[in-house]
Each structure stands twice: as structure tokens, then as C-alpha cells.
Amino acid sequence: MKTSRLLGLAMVLVWLAQGVRAQPGTSAASHAGPAATLDGLWRGKLLAAGGALDLSVSMVRLTGGRYFAALDVPVQKLNRIPIDVRQPTGTDSVVLLVSETSSRFLGRRSPDGQELSGLWCRQGQRTPLTLHHEAFDSSTPADAAARFRPPYQVEEVTVTSYTARLRLAGSLTLPPGTGPFPAVVLVSDFGQQDRDGLTPGAPVTMLSYRMLGTLADYLTRRGIAVLRLDDRGTGQSGGSGDSATPIQRAGDLQAALNYLRTRPEIDLLHLGVIGHGEGANVALLVAASPLPPAFVVGLGIYGLPGHETLLLQQEQVWRAQKLPPAQFSLRVRRQQELYDIIRNPANLAQTQTIVANMLHQGDPALSAAEGQRQTAALLTPWHRSFLSFDPTENIYAVQCPVLLITGQADEQAPPARHLPALKHAFKASGNRLVTLYRPKGINHLMQPPLYQWNMLGGEPKPTFDPGVQEFIRRWVVGHAGN
């Protein structure tokens, strides 16, 4: 981005106001001084009703240029709240996204690198804030940087998917020591998500939830190496998410596994996959290949063909709207016919016209522009492929240990509808190494009931259920020979 410093900050404000996440840069404009890399403590006073709040932001630069950062506000008892640090390339702007408190800081560095001045934004309010740099005290063994840094190695990596001719960016977290360690690759559900399980472009709200990042941290702290990647067309990965069919995603996963097989820190005999939703189905596709992982963990897995899965999800939306029975039945029939036409296109151009006509008949008030947008979304390669995808088709070839976890409160992949088909397919395969776990009260995102969420700043904080995390860890370790 070739622009002035002031324009650079203005652009960031526009991006965030529109809900579009700025792409992470590896460096900001060069500065002199000890704070050139942002390492250290950044302290300031945030004006609030009745006075000012002392807050501090700790930042530690990791391998590859990203930062491990956290927020502390002692008076509000906020400690080590994760921060996503963004530095738009070619500017001196710094953006701090604090998803767990629905906050963000939009700042600009001073010429000497010792101050970050800008706006603290939360719930529609923008408050001026200046953060002053303090170097970590490295004179003692237990310095601030050591206390803050995660107790494991974080490495930025690039995985090449040779069949697709693209590169996927991600993070590899390695436990302390030399290994070799049992390891897993994390695979996200459908929809474009970054390595932490967040969807770029989504608003920063209290419901922001780093499902994959949270699980990776939990497992790595307990001796399991974890590789997680930005999906195609997301974050720093190349390609397009609209064209990432389950088969193509399986190729990306195989590339990730092959990358880990080149690393001496990884125990090659105990290298598995943990997939969520469609990611679990992708993991089983790879498990049915000639070079399978040692084990598979599926979270909220789909067992029905894609067109049935999406229709069930749509029916839930209509039921929540309390539509009259006749209107509900009409919508279901229309949706079924729409999916059948998309799954069996005789001619793509003709199918586009048919789909657009069906959408307009279903909603006469639909504008031409919105109709074109919806038609394009329905006819992406991913959507067409997913509608025809049968998760049970290749299960007969899966012979590795498999753990399937589906919460009883999962409305996106209800276990009563999705698990029977999978159980039948595994039984037919002769694989006796399949474990099913249906934790009570757990939803599709592996979250416990709302009343069990931790409170943060007086508001509930979404969290990966600790019991499910520990169940996953024990099962993986049990199948890693440890």
C-alpha cells in the first residue's frame, strides 16, 4: 500500500468500519530505536467514566514476523487477553484486535518508535489513547518476556500443495524439547477461515471465537505438536475458497501431512488429523488414501450427503421463524428442487438462468443484483461439489483409529441424523477402532451451555469446552503410544 502515514491509518479505519480485516504485514515502516519490532510492554491510561484505566499490552515477536500479544487491565481483572496484531504493509499503522472484549486499537507509531497514538474503539465509542513503550527487563531469568511468551515454540510455516500449485500459510506449534512429538493437523469446517478458526471480514464481537487456535494452544502445552493453516484464499494462503471442494481440500491436507513428515521433531508413526465439520470429512477422505494419517478425530462431523445437510440446516432456520405449515412445506420443496438442479446441471449457463428464475419466483421482491449474487454463490465449485458429496462413500477404506465427537446440542450436524449413517458405514468397513462420544450440552463449535461460559468484563466469553479438550488429548495420547 503506497500511501502517506495519515492516509494509511485512515484506510485501516475504513476497512474495520466495513468489517473487512486488514491483511497482516510482516513489517511496518522502518523506525529507529529499541521499539522497532514492537517487542515489549506498551502502557497507557484509557479515559473512562469516573477516571482512567491503567492498561498494558505485551508483545513478543515470533518466528516469521507475527506477534504473540496480550492485554492486561488490572482494575477490571482482565489478564492475558489475546490480541491479534496487524501492521498494514508500507505504513506505520498498528491495529490491535481484541476479539474477546469487542475492542480494537487503531494507532500510529511515533518517529522514534516509542509511542503508539490512536483510538480505542469499543461498542461504538472511540476514545483517544497513547501507549508508551517499555523494554522487557532481561536482567533477570524470569523477565517479563519469558513470563509472557507461550511455553512452546511458534513457527510460521508455508506448505506447498503441489497438485493445486499454491502455497498455504500457517503456524506450527512445538512443545519444549527436541521430540519427536505426536502431532496433529487441524482442519476447519466449510467456509473460509483462518488458522485460528476465524472468518476474515466478520465483525469483531463478543462471539468471536478462536476454536482452532484455542485447541492448538491446549494440545501443544500438553506435549502434542500442532499445525494449522489459513484456508485457501484466506489470511496469507493463496488460491480461492470458492473453488476448494472436499476433494481439493483433501489434497491440501495431504500436503500438510507430508510437510510434517519432513520435520525431525515429529513422530511419523503418531501423526494424525483433527477435523471440524467438513474438515472431519476431509480427514476421512485422506484416511482412505494410500498414505493415511495414524488417526483421525472428527468434531461435529457430517454423515449425510451435502444436499441433505444443507437442507436440514435451512429447515431449522424456517422452523425458528415459525412459518405456517403450508409455507414451510412449499419452501422445503422449492429448496429440494433447487439443490437437485444444481447437483445435476445439463448446461451451466442454462442452470444459472434456471436458478435465478427460481430465486425470483421464491422472492419476487429480490433485486436483480441480489439475485445474481445469490445465484453465483449457489453455483460456486465448492457449493456444487458439497451438495453431491457423500461422507460415507469411502469409509470402507478407513482402517486407522477414529474418534468422532458430536455434541448432543449440535444443531448444525445433529447426531441423531448424522451419526447413524457413519456408524453403519464403519461397521460395514470392519474397522473396530472407532470411538463415538456425544457430550451433553455441547454445540457444533464444541462450546458448553451459555451458563457455563466464563465471565469477562461482565459478559459471557465463548470457550472451547475444557472437558472435550481433555477427552481429545487423552485419546490422542492413548493412540500415540505414550
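Helices (H or I, at least four residues) and strands (E, at least two) are DSSP runs, numbered from the N terminus. With that naming, Ala-288 sits in the loop between helix H5 (278–287) and strand S14 (296–299). Residue numbers start from 1 along each chain as its sequence is written. The model is predicted: local features need pLDDT of at least 70, side-chain atom pairs count only at pLDDT 80 or more, totals for chains, interfaces and linings use all residues, and side-chain values use heavy atoms, with hydrogens and water left out.

**The whole chain**

Show the full chain as a cartoon. The chain has 12 helices and 18 strands. Of its 482 residues, 53% are buried, where buried means under 20% relative accessible area, exposed over 50%, and partly exposed in between (1.4 Å probe, protein chains only). A contact means heavy atoms within 4.5 Å. Among contacts between residues at least 6 apart in sequence, 64% join residues at least 24 apart.

**Stop 1: Ala-288**

Select Ala-288. With a relative accessible area of 23%, Ala-288 is partly exposed. Now add Asn-394, which is 106 residues away along the chain; the two C-alpha atoms are separated by 6.4 Å. Leaving out residues up to four places away in sequence, Ala-288 touches Asn-394, Ala-397 and Val-398.

**Stop 2: the cavity**

Keep Asn-394 selected; Asn-394 is also one of the residues lining the largest cavity. Rolling a probe the size of a water molecule over the atoms shows where empty space is left. Here a cavity is a set of points, on a 1 Å grid over the protein atoms alone, where a 1.4 Å probe fits but cannot get out; lining residues have an atom within 4 Å of a point. Grid points are joined across faces, edges and corners, and a volume is the space filled by probe spheres set on the points.

How many cavities of 30 Å³ or more does a search of the whole structure find? The search finds 1. The volume of the largest cavity is about 60 Å³. To display its lining, select Asn-281, Leu-284, Leu-285, Phe-389, Asp-390, Pro-391, Glu-393, Asn-394 and Ile-395. Sorted by class, the lining has 5 nonpolar, 2 polar and 2 charged residues. In this sorting, Ala, Val, Leu, Ile, Met, Phe, Trp, Tyr, Cys and Pro count as nonpolar, Asp, Glu, Lys and Arg as charged, and the others, Gly among them, as polar.

**Stop 3: helix H6 and Lys-322**

Move to helix H6 (residues 306–320). The expected span of a helix is 1.5 Å times one less than its number of residues. For the 15 residues of H6 that gives 21 Å, and the end C-alpha atoms are 22 Å apart, which agrees. Its buried residues are Gly-306, His-307, Thr-309, Leu-310, Leu-311, Leu-312, Gln-313, Glu-315 and Trp-318. The cover over these buried residues includes H7, H10 and helix H11 (415–429).

Just after H6, select Lys-322, with a positive phi of about 55 degrees. Lys-322 lies in the loop between H6 and H7. Its relative accessible area is 72%, so Lys-322 is exposed.

**Stop 4: helix H8 and its cover**

Next comes helix H8 (residues 348–362), whose 15 residues should span 21 Å; the end C-alpha atoms are 21 Å apart, which agrees. Buried or exposed: which are Thr-351, Val-355, Met-358 and Leu-359 in H8? These four are buried. Viewed down the axis of H8, the buried residues fall within an arc of 100 degrees, so they line one face of the helix; the arc is that of the directions from the helix axis to the C-beta atoms. Their cover includes helix H7 (325–343) and helix H9 (368–378).

In H9, select Thr-375. Thr-375 is buried, at a relative accessible area of 7%. Not counting residues up to four places away in sequence, Thr-375 touches Gln-352, Val-355, Ala-356 and Leu-359.

Continue to Thr-380, in the loop between H9 and helix H10 (381–388). Thr-380 is buried too, with a relative accessible area of 13%. Add Asp-242: the pair is 138 residues apart in sequence and 5.8 Å apart in space, C-alpha to C-alpha.

**Stop 5: backbone exceptions**

Most residues other than glycine have a negative phi, and most peptide bonds are trans. Select Arg-165, which has a positive phi of about 55 degrees although it is not a glycine. Arg-165 is in the loop between strand S9 (153–161) and S10, and counts as exposed at 80% relative accessibility.

Finish at Gly-179 and Pro-180, joined by a cis peptide bond with omega of about 5 degrees. Pro-180 lies in the loop between strand S10 (166–174) and strand S11 (181–187).

Definitions and conventions. 1 Å grid on protein atoms, 1.4 Å probe; cavity = no way out; pocket = protein on both sides within 12 Å on 5 of 7 lines; lining within 4 Å.
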